[in-house]
Amino acid sequence: MSTTSNLFTGRHVVVMGGSSGIGEAAAAAFAADGAEVVVTGRDRDRLDAAVARIGGRTSGYRLDAADPEAVAAFFAQAGTVDHLVVAVSGAAGSGPFAQLDLADLATGFDAKFWPQVRVLQAALPHLRSDGSVTLITAASARAAIPGTAGLAAINGALEAMVPPLAVELAPLRINAVSPGVIDTPWWDRVPVEQRTALFEGLAATTPVGRVGRAEDVARVIHLLAANTFVTGVVFDCTGGANLPTGR
Ligand SMILES: NC(=O)c1ccc[n+]([C@@H]2O[C@H](COP(=O)([O-])OP(=O)(O)OC[C@H]3O[C@@H](n4cnc5c(N)ncnc54)[C@H](OP(=O)(O)O)[C@@H]3O)[C@@H](O)[C@H]2O)c1
């Protein structure tokens, strides 16, 4: 994000999964607006590189969000957190349902659903009572795309928790961003030619004519943290790709 302000000066922001992609872009948006930001990830080198790119008052903390003891130890030393973003990712659990390996689906829950839930629960005693939490889900939660029932289950489960938690945990605000396809390092696992063809095909059928950038999602995360009158919302950031066509 190119503009800066002092909107988050004096605020402590934690971005779980902040060493790449959407989490890194969100961390950069908060840092540019004066926040003290801690980004977490499992790989030390990726963390150090991200901290250098983000700049400002940013530090890195190596952590596996799937490890309950590591998550508890992190929050025990984190001090009071004003805004928490949980952007940890997973890739398992997709494919045609008839052949879907349920162990692979369980791995998908272990990589995304459980870490996000665990981090949120462990963070609660350390969050400012009227601060905010932003989960990152995925448009697959409601997209009805064949081969994504497993991803819909993982992300839909997270999205379903947002409204009740927003009421139960108030005045803490709980929101989620549900991105469409975003060009981040998450896609590095797909061979470049296949990825390019996929992105071009999606761009052609998406109302805004392109796939997303990490900064598109970061702007929404920043908005949800900054706007104290928004809670319980799952905000679609898809370029219109998920709009119903009436088919
Ligand atoms: N990109 C898309 O098209 C897209 C679409 C819809 C939803 N999303 C969601 O958006 C979120 C961010 O995705 P992204 O595209 O930005 O992915 P990304 O570029 O791969 O970044 C994921 C970040 O999470 C960290 N991470 C992953 N597992 C972790 C764990 N167990 N503990 C701590 N850190 C962990 C990664 O660092 P380490 O690997 O070093 O730990 C990295 O910093 C994910 O929840 C993803 O499902 C992405």
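User: How many Å lie between a polar side-chain atom of Ser19 and an oxygen atom of the ligand?
Analyst: The model is a predicted one. Ser19 is listed among the closest residues to the ligand, along with Ser20, Arg42, Ala65 and Thr184. From a polar atom in the side chain of Ser19 to a ligand oxygen atom, the distance is 2.6 Å.

User: Which residue has a side-chain N or O atom 2.9 Å from a nitrogen atom of the ligand?
Analyst: Ile182 can be set aside, as a backbone N or O atom of Ile182 lies 2.8 Å from an oxygen atom of the ligand. The side-chain atom 2.9 Å from the ligand nitrogen belongs to Asp64.

User: What percentage of the ligand's own accessible area does the protein cover?
Analyst: The shell around the ligand holds 29 residues. By class, these are 14 nonpolar, 10 polar and five charged. On its own the ligand has 890 Å² of accessible area, and the share covered by the protein is 93%.

User: Which strands stand at the edges of the sheet, and why is one side of each left without a neighbour?
Analyst: Seven strands form an open sheet with parallel pairing, in the order S3-S2-S1-S4-S5-S6-S9. Each edge strand has a single partner strand, so one of its sides has no neighbour in the sheet. The twist from one strand to the next averages 20°. The edge strands are S3 (57-62) and S9 (234-237).

User: Which residue of S9 is the bridge partner of Ala176?
Analyst: Strand S6 covers residues 173-179 and is joined to S9 by four bridges, the two strands running parallel. Within S9, the partner of Ala176 is Val234.

User: At about what angle to S6 does helix H7 run?
Analyst: Helix H1 (residues 21-32) lies across S1, S2, S3, S4 and S6, and its angle of about 170° refers to S2. Helix H7 (residues 214-226) lies across S4, S5, S6 and S9. The angle between H7 and S6 is about 165°.

User: Which residues does Gly180 touch, not counting those up to four places away in sequence?
Analyst: Gly180 sits in the loop between S6 and strand S7 (182-183). Met16 is 164 residues from Gly180 along the chain, and their C-alpha atoms are 20 Å apart. A contact requires heavy atoms within 4.5 Å. With residues up to four places away left out, Gly180 touches Ala139, Cys237 and Thr238.

Technical notes
Residues numbered from 1 in each chain as written. Predicted model: local features only at pLDDT ≥ 70, side-chain atom pairs only at ≥ 80, totals over all residues. Heavy atoms only, no water. Pairing = 2+ DSSP bridges. Axes fitted to C-alpha atoms, helices over the stretch in contact; angles between N-to-C directions. Near = heavy atom within 4 Å. Polar contact = N/O pair within 3.5 Å; in protein donor to acceptor, adjacent residues only side chain to side chain. Areas by Shrake-Rupley, 256 points an atom, 1.4 Å probe, with all protein chains shown as cover. Nonpolar A, V, L, I, M, F, W, Y, C, P; charged D, E, K, R; others polar.
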